[in-house]
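User: Hi! I've got a structure to go through and would love some company. Can I fire questions at you as I look around?

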Amino acid sequence: MAKKKRIIPLLPLRGILVFPYMIIHLDVGREKSIGALEESMVHDRQIMLATQKEAQNDAPSPEDIFEFGTVVEIKQLLKLPGGTIRVLVEGLHRAQITKYMELDPFYKVEIEEFSEAEVKTPEIEALTRTAIHQFEQWVKLSKKIPPETLVSVVVVEEPGRLTDLIASHLSLKIEDKQDLLNAVNVKDRLGKLCEILGREMEILELEKKINVRVRKQMERTQKEYYLREQLKAIQKELGEKDERTAEADEYRDRLKQQPELPAEVAEKINKEIERLEKMAPMAAESAVIRTYLDWLLALPWTDESADNLDIVTAETILNEDHYGLEKVKERILEYLSIRKLTEKMKGPILCLVGPPGVGKTSLARSIARSMDRKFVRVSLGGVRDEAEIRGHRRTYVGALPGRIVQGMRNAGSRNPVFLLDEIDKMSADFRGDPSAALLEVLDPEQNNTFSDHYIELPFDLSRVLWVVTANVMHNIPRPLRDRMEIISIPGYTEEEKIQIAKRYLIPKQIRDHGLNNQQIVFSEGTLQKVISDYTREAGVRNLDRNIAGLCRKVARQIVQNKKSGVKVTAQNLHTFLGAPKFRRQPAEGNAEIGLTTGLAWTEVGGEVLTTEVSIMKGKGKLLLTGQLGEVMRESAQAGFSYIRTRAKELGIDEDFHEKNDIHIHLPEGAIPKDGPSAGITMATAMVSALTSTPVRNDLAMTGEITLRGRVLPVGGIKEKVLAAHRLGIHTIIMPKENQRDIDEIPANVKRHLEFVLVEHMDEVLDRALVK
């Protein structure tokens, strides 16, 4: 390949690259470029063309221009209005800029020219044929070049010239074209061209596939549109309705069937039907509108079930289903009486609070049956999202109304008995507080216009009889508690449990186990022994399980041993249920020193707690064990301080606290305990241990102590008294201010108990310590 050097004007190109043998028009406007053109026209009409690296650069420096370019001959020059020159050039051969001689008034550079010698080797021949074949394929696929041009390119025999011609016809990036221009060696140039053509072919194949797919899709859409339009025309001729119109008419017919709908609701439904009618059937939002319309038309806006206002019948049904629970039954009968007198009575909001297993949930179902109303139950245990109550907005995918509106739809009437179960088990998180959403639901002044996020229309909940259940009060937020009528349901007495077992539990379990009254017989005293020795609870769930266990054992004996019937007695009870799980008396033997029996309230009813005190040589420390809470520890400290101030009167050494350590322990250390009601119990045990005087073991006590020895009232008296009665305790010491709570204790329990009402610690010690 021959090389020669010479100095020549340079014209930098923007966004374009010229190959040898290429004829092209260029528009030149920059002063330097025009100067270079004029210089070349004066001499041999030849100029060097090199491309800029950045097309936006108006004043490129030598570093901004590619080294390799093309020496061209100016064939024609035409001045245009505005100072621009249009020039026709033909590429002659490659050249490389070796040095910039002048930068002003135009670029003048020293170049090294490359003239190509004709070299033909088998490898170059093979590459040439490959390039021609690929170019032919590219022309067929791209359809950007007319076939005549292809013929003119293919007839060229020189490999170098052929490469440059093909490259000039390809739509490539400037960088790729520059790579081909840089390749002075023909073999290298052909190799790069084949590589670029192969890449371009792959892209064209993909484009073709995409175009075919898009065209098919468009054809299918056009075909569908055309067929639908034909179908519409046919339906119009036949007098039939199209699918959209038919669907809209169906919704309008459903709307006509509910003439008493509120005007606001009817207007909203009509508006949504019109939107659906105008919408394309395949539109995604049409499904959202359909679902919304179905919900609006399914809700009981005006439907009500007629109440059974016969008080006697309602009372009979309530008594059939539940034994005891007089307060709740009385409240329901009062409501029915008022409903009989006036139609405008708002539904009450009752909150039944009590330990598990006392029949709160089943009582709500019984209320619905007695009033002849629909019953809906929603469990709120574990609910932590405000949208569970109010629903999601329709903008969300898969949005639905909240549980309240869903419950009303399921009920099919706007005055059901609606049970909100386990309201104290709700919690809040980052998605909102469901208890705050319930404030509107359970407020008689607001719930006649309850707004669900999904429905977005006011719904009347004032006719609903709300029954809310909870195990404890302290977990319910105060504003929510303030809106409800609290009815406490305490635990059952032993006699009540026996009656419940005889009337409800035994017949149910006999029926469930496929037995009859002749196959299993319970003797007198059996149920009492099951209750006292195998259960210790406020409700009757464990009692129900034990009766079910007896039925299973009897069923097996009847099937396996071919017995006709089995009698369960107090004597053979252990053969069915095993050894007794609980002992009847709280303490065995005689009265003991430093051991007292206290009464505690828990979520599952009352409990009896034994308090132990030991005196040891030491430095006056007060040790408290048994997993006691902060309030209970402070109660013990208050009792200890009271004893120190009254040491002389109680017959205790005044400096006992300097010589001795006192250890107070409440057994069952794994169970957390707290509250002030064990104050007098711990103080009595400490006095007993310090004076070596035994405490009566048939006696239990509860009450808060002050530093001056006053006994203050405590809560949960009924549950505590029932727990003491279950364990056979006969005497209960309690604060005098709790006298009002004795009236709530059943008469059959009061008969067996002596209540000692005290105001001061001295009275407690006087009754509790054995003289």
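User: Which strand does Leu13 lie in?

Analyst: Happy to help! One thing to keep in mind is that this is a predicted model. Leu13 lies in strand β1, which covers residues 2–13.

User: Is Leu13 buried or exposed?

Analyst: Leu13 counts as buried, because its relative accessibility is 6% and the cut-off for buried is under 20%.

User: What does Leu13 touch, leaving out residues up to four places away in sequence?

Analyst: With those left out, Leu13 touches Val18, Leu26, Leu49, Ala50, Thr51 and Gln52.

User: And how far is Leu13 from Asp452, C-alpha to C-alpha?

Analyst: Those C-alpha atoms are separated by 68 Å, and the two residues are 439 apart along the chain.

User: Let's switch to sheets. In what order do the strands of the open sheet with β7 in it run?

Analyst: The order is β8-β9-β12-β7-β13, so to speak from one side to the other, 5 strands with parallel pairing. β8 (375–379) and β13 (485–488) stand at the edges with a single partner strand each, so one side of each has no neighbour in the sheet.

User: How much are neighbouring strands of this sheet turned against each other?

Analyst: On average by 20 degrees, ignoring direction.

User: How many bridges join β7 to β13?

Analyst: There are 4, and the two strands run parallel, with β7 made of residues 349–353. If you want a pair to look at, Leu350 stands opposite Glu485 in β13.

User: Which helix lies across β8, β9 and β12?

Analyst: That's α14, residues 403–411. Helix α14 runs at about 140 degrees to β9.

User: New topic: charges. How many salt bridges does the structure hold?

Analyst: The structure holds 31 salt bridges. One of them joins Arg394 and Glu456, whose closest N and O atoms are 3.2 Å apart. Arg394 is in the loop between α13 (387–390) and α14, while Glu456 is in the loop between β10 (450–451) and β11 (458–459), so the pair ties together parts 62 residues apart in sequence.

User: Are those two buried or exposed?

Analyst: Arg394 is buried, with a relative accessible area of 18%. Glu456 is partly exposed, at 38%.

User: What about Arg414, which residue does its side chain meet in a salt bridge?

Analyst: Asp460, with an N to O distance of 3.5 Å. Arg414 sits in the loop between α14 and β9, and Asp460 in the loop between β11 and β12, so this pair ties together parts that are 46 residues apart in sequence. Arg414 is buried, with a relative accessible area of 15%.

User: Which residues are joined into one network by salt bridges that share partners?

Analyst: Lys268, Glu272, Arg275, Glu285, Arg394 and Glu456.

User: What do the side chains of Glu73 and Lys75 do?

Analyst: They meet in a salt bridge, 3.8 Å from N to O. Glu73 counts as partly exposed at 27% relative accessibility, and Lys75 counts as partly exposed too, at 41%.

User: Now something greasy. Which residues make the nonpolar surface patch of about 370 Å²?

Analyst: Leu206, Ile210, Val214 and Met218 make that patch. Ile210 is in helix α6, residues 186–238, and counts as partly exposed with 43% relative accessibility.

User: Last stop, strand β25. How many of its residues are buried?

Analyst: 5 of the 5, so β25 (residues 731–735) is largely enclosed by the rest of the structure.

User: Which strands does β25 pair with?

Analyst: β22 (residues 699–701) pairs with β25 in the parallel sense over 3 bridges, and Leu699 stands opposite Thr731 there. Another 5 bridges join β25 to β26, also running parallel. In that pairing Ile732 stands opposite Phe755.

User: Where is Phe755 found, and what is Phe755 in contact with beyond four places in sequence?

Analyst: Phe755 is found in β26, residues 754–758. Setting those sequence neighbours aside, Phe755 is in contact with Val721, Ile732, Met734, Ile742, Ile745 and Lys750.

User: And how far apart are the C-alpha atoms of Phe755 and Glu39?

Analyst: They are separated by 128 Å, with their positions 716 residues apart along the chain.

How values were computed: Residues are numbered from 1 along each chain as its sequence is written. This is a predicted model: local features need pLDDT of at least 70, side-chain atom pairs count only at pLDDT 80 or more; totals for chains, interfaces and linings use all residues. Side-chain values use heavy atoms; hydrogens and water are left out. Contact means heavy atoms within 4.5 Å. Two strands pair if DSSP finds at least two bridges between them. Axes are lines fitted to C-alpha atoms, for helices over the stretch in contact, and angles run from 0 to 180 degrees between N-to-C directions. Patches are made of residues with over 30% relative accessible area and no salt bridge: like charges are joined within 9 Å, nonpolar side chains (Val, Leu, Ile, Met, Phe, Trp, Tyr) within 5 Å. Accessible areas come from the Shrake-Rupley method with a 1.4 Å probe; for residues, only the protein chains shown count as cover. A salt bridge is a side-chain nitrogen of Lys or Arg within 4 Å of a carboxyl oxygen of Asp or Glu. Buried means under 20% relative accessible area, exposed over 50%, partly exposed in between (1.4 Å probe, protein chains only).
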